[in-house]
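Trainee: I am new to this structure and would like a close look at one single part. Please take me through its pairing and its surroundings in one connected answer.

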Amino acid sequence: MRRILVLLIILIIPALIFAQKACVQDGSPLIVNSTFSISPSISSSPLAPIVEIPARITVPVVVHILESGSFSVSDEQVQSQLDALNRDFEAANADLVRVPDRFKHLVANCNIRFELAKVDPSGELTSGIVRVKAGVNQFSLDNRIKFRSKGGDDAWPAAHYLNIWVGNMESGILGYSSMPGSAPLLDGVVLN
């Protein structure tokens with residue numbers, strides 16, 4: 001029992017420490033997560049203020065594809081996965097019927113849409129997909145994939161883009177994500 005309690009504490013404390021940075025209703029920005037922010041409009045009701053979130057939040061995505069050997073991902077595969085992600089966030093995915101009854105009341109359209117970036121950090125038009133010949137054959141959990149100087153590709157500014165790195169991962173690693181509050185150069189998702 002003591003081991004279970006210690007394990008729960010180990011799992012819960014980091015979640016509390018790295019929880020959402022801020023959520024205010026005084027006209028300051030409402031922080032959606034550690035990367036993107038929106039400005040809420042506040043109700044003038046004498047009761048508790050209500051934050052009205054825009055109809056849809058669009059998150060620009062840059063996909064860094066680290067090609068090595070025969071490893072590559074097509075533009076169609078990237079778009080297919082973004083489409084699947086959007087269906088999930090819109091509660092429009094086909095497997096909603098498999099949601100257990102005890103969780104069905106939590107299913108919702110999050111009004112968040114992920115789209116490939118149309119403009120790069122220097123203001124140039126882009127497809128949102130960056131292809132780089134990887135300097136290494138496989139990547140691990142050491143974040144080398146996130147730095148050109150280490151065989152990967154550098155992040156675009158995390159305050160404006162969701163960075164997703166796709167590369168050949170070692171030892172069956174399917175992927176990982178940075179923790180909230182991580183350095184902006186590390187902020188993003190890595191996928192095999």
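Mentor: Strand β5 runs parallel to strand β6 (residues 112-116), and five bridges join the two; strands count as paired here if DSSP finds at least two bridges between them. Within this pairing, T58 of β5 stands opposite R113 in β6. β5 is also joined by five bridges to strand β8 (residues 162-166), again in the parallel sense, and there V63 stands opposite I164 in β8. With β7, too, β5 pairs in parallel over five bridges, and I65 faces R131 of β7 as its opposite residue.

This is a predicted model, in which local features need pLDDT of at least 70 and side-chain atom pairs count only at pLDDT 80 or more, while totals for chains, interfaces and linings use all residues. Residues are numbered from 1 along each chain as its sequence is written, and side-chain values use heavy atoms, with hydrogens and water left out.

The strand itself is mostly covered, since nine of the eleven residues of β5 are buried, where buried means under 20% relative accessible area with a 1.4 Å probe, counting protein chains only. For the chain as a whole, 31% of the 192 residues are buried.

β5 (57-67) and β7 (129-133) each supply at least two residues of the largest nonpolar core. That core has 17 residues, and L66, F139, I145, W156, W165, M169 and V190 are those with the most contacts inside it; a nonpolar core is a set of buried Ala, Val, Leu, Ile, Met, Phe, Trp, Tyr and Cys residues joined through side-chain atoms within 4.5 Å. A second, separate core of 16 residues includes I57, V73, I112 and I164. In soluble globular proteins, nonpolar side chains tend to be buried together.

If neighbours within four places in sequence are left aside, the residues in contact with L66 include F71, V132, A134, F139, I145, W165 and V166, contact meaning heavy atoms within 4.5 Å. Glycines are also among the contacts of L66, namely G151, G152 and G167, as is D153.

To place β5 in the whole chain, it helps to know that there are two helices and ten strands, which follow one another from the N terminus as α-β-β-β-β-β-α-β-β-β-β-β; helices (H or I, at least four residues) and strands (E, at least two) are DSSP runs, numbered from the N terminus. Of the contacts in the chain with a separation of 6 or more, 59% are between residues 24 or more positions apart.

Technical notes: Buried means under 20% relative accessible area, exposed over 50%, partly exposed in between (1.4 Å probe, protein chains only).
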